Amino acid sequence: METELLERLYAIHSPTGDEWAMICFVRQWVAENMPSAKVKMDRLGKLYITKGGAGEGYPTLACHLDQVQTLRSDDFEVREEEGTLFGWSERNQCREGLGADDKNGIWVGLQCLEACPRLKLFMSVGE
């Protein structure tokens, strides 16, 4: 499994109400990797991404841009050990949550966007 994108997503702190860094990252990633995809953003920051031409029906995926975990150390980093990714604080000498809910969903959505010729991807702010 290619984990570079997942590690980059985990590194972005995006608690509910403070999703702007994740919104910017996703928009930039789509622009660089899927330039033919159309990205629309509403006034709340929700993203509507469409890839592929006209036709009947699109497969549609949904995820949310915030993470459930709200606390994170200033020195948070993503580490990999024996194929497992985890959050780490060197100062506290302990593991921390990755905010994987719903960064895993964002990762799946972006992977599908790359793989599918036609797809709609909805990314909401908040739970």
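In this predicted model, Leu5, Arg8 and Leu9 of helix H1 meet Met22, Phe25 and Trp29 of helix H2. The residues of this contact divide into 5 nonpolar, no polar and 1 charged.

**Helix pair**

Two packed helices are described by the angle between their axes and the distance between the axes. For H1 (residues 4–11) and H2 (residues 20–33), the packing angle is about 155° and the axes lie 10 Å apart. Because angles over 145 degrees count as roughly antiparallel, H1 is roughly antiparallel to H2. The crossing in which H1 passes H2 is right-handed.

**Four-stranded sheet**

An open sheet with mixed pairing is formed by 4 strands in the order S1-S2-S7-S3. Its edge strands are S1 (38–41) and S3 (60–64), each of which pairs on one side only. From one strand to the next, the twist averages 15°. Helix H3 (residues 100–115) packs on this sheet, where it touches S2, S3 and S7. The direction of H3 makes about 150° with that of S3.

Within the sheet, S2 (residues 47–51) pairs with S7 (residues 119–124) in the antiparallel sense. Tyr48 stands opposite Phe122 of S7.

**Three-stranded sheet**

A further open sheet consists of 3 strands in the order S4-S5-S6, and its pairing is antiparallel. Strands S4 (76–81) and S6 (94–96) stand at the edges with a single partner strand each, so one side of each is left without a neighbour in the sheet. Neighbouring strands here are turned by 50° against each other on average, direction ignored.

Strand S5 (residues 84–89) runs antiparallel to S6, and Ser89 stands opposite Cys94 of S6. Helix H1, already described as packing with H2, also lies across S4 and S5. The direction of H1 runs at about 150° to S4.

**Strand pairs**

The table sets out one pair from each sheet.

| Strand pair | Sense | Bridges | Opposed residues |
|---|---|---|---|
| S2 and S7 | antiparallel | 5 bridges | Tyr48 and Phe122 |
| S5 and S6 | antiparallel | 3 bridges | Ser89 and Cys94 |

**Arrangement of helices and sheets**

Taken together, H1 is in contact with H2 through residues that include Leu5 and Leu9, and H1 also lies across strands of the S4-S5-S6 sheet. Helix H3 packs on the sheet ordered S1-S2-S7-S3.

Conventions
Residues are numbered from 1 along each chain as its sequence is written. This is a predicted model: local features need pLDDT of at least 70, side-chain atom pairs count only at pLDDT 80 or more; totals for chains, interfaces and linings use all residues. Side-chain values use heavy atoms; hydrogens and water are left out. Axes are lines fitted to C-alpha atoms, for helices over the stretch in contact, and angles run from 0 to 180 degrees between N-to-C directions. Helices (H or I, at least four residues) and strands (E, at least two) are DSSP runs, numbered from the N terminus. Angles under 35 degrees count as roughly parallel, over 145 as roughly antiparallel, 65 to 115 as roughly perpendicular and the rest as oblique. A crossing is left-handed if the near helix is turned anticlockwise from the far one by less than a right angle, and right-handed if clockwise. Contact means heavy atoms within 4.5 Å. Ala, Val, Leu, Ile, Met, Phe, Trp, Tyr, Cys and Pro count as nonpolar, Asp, Glu, Lys and Arg as charged, and the others, Gly among them, as polar. Two strands pair if DSSP finds at least two bridges between them.
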